[in-house]
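Hi there,

Here is the structure I promised to pass on. Have a look at it first, and then read on for my notes.

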Amino acid sequence: MTSVAWGSNGLPMEIEKTLSALEIHRNQFAVNVIDMEHSKSVLAWQADKPVIPASSVKIVTTLAALEILGPAFQWKTGFYHDGTIQKGVLKGNLYFVGGGDPRYVSEHLWRDVHTLKAMGIRKITGNLIVDRTLFASTSGSSFDGQTHRPYNLDADAALFNFNSVVIRFIPDEAAGVAHVSALPLQTGIRLPKTVALAPGWCRGWRNQLKADVSDPLKPTFKGTFVKGCGERSLTYVVKDRDSYLARSFAAQMKEAGIAWNGHVKAGIKSAKAVKLFESASDDVATTVRLTNKFSNNILARHLFLSLAMPQKTSNIRYEDARGVMEHWLVQKVGLAPHTITVDNGSGLSRQSQVTANAMTKVLAYGARSPWSHEWIASFPIAGFDGTMKHRPLNGGVAHMKTGLLNGVKTMAGIVQATNGRRYAVFASLEGKNVSKGDEVLDAVTRWIVKTP
């Protein structure tokens with residue numbers, strides 16, 4: 001390490017200069033870098049200071065899920081009924097029993113409605129009863145007050161299609177309009193067929209639309225769509241999950257030719273209900289990849305709550321998952337108690353806390369895990385994909401999970417340097433002027449790559 005220039009404050013010169021240029025005080029910075037071949041730290045600065053991890057904590061959630069649940073674990077959505085089936089008529093209620101699947105989407109509902117049809121059901125006289133009791137009910141996430149934004153969606157054992165409507169805009173410059181369509185297929189939704197095109201800044205296209213989604217059945221656009229931006233999509237969350245599922249279920253039943261005019265109601269599966277079939281989700285390994293590559297909060301929350309599923313079969317709360325994770329961190333990873341505190345698994349919280357030292361220990365442990373290949377492959381790769389697609393790294397390879405909150409920037413991952421060795425790194429910036437903190441984090445990564 002002696003050939004690397006060090007500054008007077010005990011940090012590499014390149015990092016010190018970058019902090020100074022951005023007017024970020026060194027006490028706002030924490031970092032630890034471990035040479036995993038020799039199990040020693042080569043760079044530590046405030047490595048035992050508690051910091052907010054933001055979305056980089058997803059590496060902890062996903063590793064715990066792989067180890068506790070296993071990479072092949074699948075969530076099961078159950079369909080039951082409490083009546084009789086005679087001559088194609090189900091006389092009674094149909095139960096939709098949520099098993100925690102975070103990605104039960106429109107295609108899966110289409111498949112399952114057609115499974116009902118294949119079983120000979122042509123009419124259902126009762127209601128669709130949705131059983132969400134695997135996970136405890138919550139008041140919903142209000143992290144930043146943007147409750148209509150998908151990233152704030154909270155966990156739901158019977159989550160359908162992320163409770164979201166996707167409005168698609170396809171520009172037609174010859175006609176001077178963007179054509180508007182909505183997914184998923186739902187009854188009752190009304191929206192304009194077109195929106196006028198106008199010049200503008202592509203990064204501000206959402207603001208230029210002046211969208212109003214306060215009525216989820218009748219979104220309006222008082223502005224214009226930016227000409228030349230190509231196809232874009234606007235996604236918003238529908239708060240009433242029962243009515244959202246009802247409209248989708250009704251549309252799918254009609255399309256399949258099954259008569260139904262009942263309602264969707266929250267409830268608990270009757271003890272006398274008979275199983276029709278179960279639908280399996282993506283496995284944990286696939287979900288881990290989607291969680292980390294695209295920093296998906298709702299997938300992370302479901303993975304986190306599911307850590308308690310081997311112990312509990314209903315009413316699982318975040319505190320249950322915290323207890324399971326704490327035991328795993330102490331017994332398996334070898335951390336001191338309460339070194340890492342995870343609020344809801346996603347990082348969208350200011351209650352979670354970690355240290356740089358603890359996070360690099362998790363990374364080093366994960367690299368030795370039987371599921372290390374599945375886990376590390378889920379991290380975004382610098383310059384290639386996910387949240388690191390536009391952060392190229394010349395001369396080295398970095399599998400890196402980033403984190404971002406207002407006043408917080410973090411990164412956690414594994415870097416292969418030009419010397420052939422692999423390094424685990426966690427770095428954090430908190431406080432004023434960190435909006436440009438990517439430059440500091442990139443300086444840390446470059447320093448690792450050039451390590452002699």
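Let me start with helix H2, where Lys58, Ile59, Val60, Thr61, Thr62, Leu63, Ala64, Ala65 and Leu66 are buried. That makes nine of the eleven residues of H2, so by the usual cut-off of under 20% relative accessible area the helix is mostly covered. Please keep in mind throughout that this is a predicted model. Just after H2 comes Gly70, which takes a positive phi of about 95 degrees.

**What H2 packs against**

One partner of H2 is helix H9, residues 356-368. The two axes come within 11 Å and cross at roughly 35 degrees, and the crossing is left-handed. If you want to find the contact on your screen, look for Ile59, Val60, Leu63 and Glu67 on the H2 side. On the H9 side, they meet Met359, Val362, Leu363, Tyr365 and Gly366. Sorted by class, this contact has seven nonpolar, one polar and one charged residues.

Helix H6 (residues 284-293) also touches H2 through its buried residues. Those buried residues are Val284, Thr287, Val288, Thr291, Asn292 and Lys293. Besides H2, they pack against strands S3 and S18, helix H7 (297-306) and strand S19 (397-405). H6 is followed by Ser295, which has a positive phi near 50 degrees.

**The sheet with S3 and S18**

Strands S3 and S18 belong to an open sheet of five strands, in the order S17-S8-S6-S3-S18 and with mixed pairing. Strand S17 (264-266) and strand S18 (274-283) stand at the edges with a single partner strand each, so one side of each has no neighbour in the sheet. From one strand to the next, the twist averages 20 degrees. S3 (residues 74-81) and S18 run antiparallel and are joined by seven bridges. To place yourself in that pairing, find Tyr80, whose bridge partner in S18 is Lys275.

Helix H5 (residues 241-256) lies across three strands of this sheet: strand S6 (94-97), strand S8 (128-131) and S17. H5 runs at about 145 degrees to S17.

**A second five-stranded sheet**

Another open sheet of five strands has the order S14-S11-S10-S9-S15, and its pairing is mixed as well. The edge strands here are S14 (225-226) and S15 (232-237), each pairing on one side only. Strand S9 (residues 164-172) pairs with S15 in the antiparallel sense over six bridges. One of the matched pairs is Phe169 with Arg232 in S15.

**The disulfide**

How many disulfides does the structure hold? There is one, formed by Cys202 and Cys229 with their sulfur atoms 2.0 Å apart. Cys202 sits in the loop between strand S11 (194-198) and helix H4 (205-209), while Cys229 is in the loop between S14 and S15, so the pair ties together parts that are 27 residues apart in sequence. The torsion about the S-S bond is about -115 degrees, so the disulfide is left-handed.

Are the two cysteines buried or exposed? Cys202 is partly exposed, with a relative accessible area of 27%. Cys229, at 9% relative accessibility, counts as buried.

**Strand S1 and its partners**

Last on my list is strand S1 (residues 29-35), where seven of its seven residues are buried. Phe29, Val31, Val33 and Asp35 point one way from the strand, and Ala30, Asn32 and Ile34 point the other way.

S1 has antiparallel pairings with two strands that I would like you to look at. Seven bridges join S1 to strand S21 (residues 422-430), and there the bridge partner of Phe29 is Leu429. Five bridges join S1 to strand S2 (residues 40-45), where Val31 stands opposite Trp45. S1 and S2 form a hairpin with four residues between them. In that turn, Ser39 has a positive phi of about 55 degrees.

Happy to go through any of this together.

Best wishes

Notes
Residues numbered from 1 in each chain as written. Predicted model: local features only at pLDDT ≥ 70, side-chain atom pairs only at ≥ 80, totals over all residues. Heavy atoms only, no water. Pairing = 2+ DSSP bridges. Disulfide = S-S within 2.5 Å. Buried < 20%, exposed > 50% of the residue type's maximum accessible area, 1.4 Å probe, protein only. Axes fitted to C-alpha atoms, helices over the stretch in contact; angles between N-to-C directions. Left-handed = near helix turned anticlockwise from the far one by under 90°. Contact = heavy atoms within 4.5 Å. Nonpolar A, V, L, I, M, F, W, Y, C, P; charged D, E, K, R; others polar.
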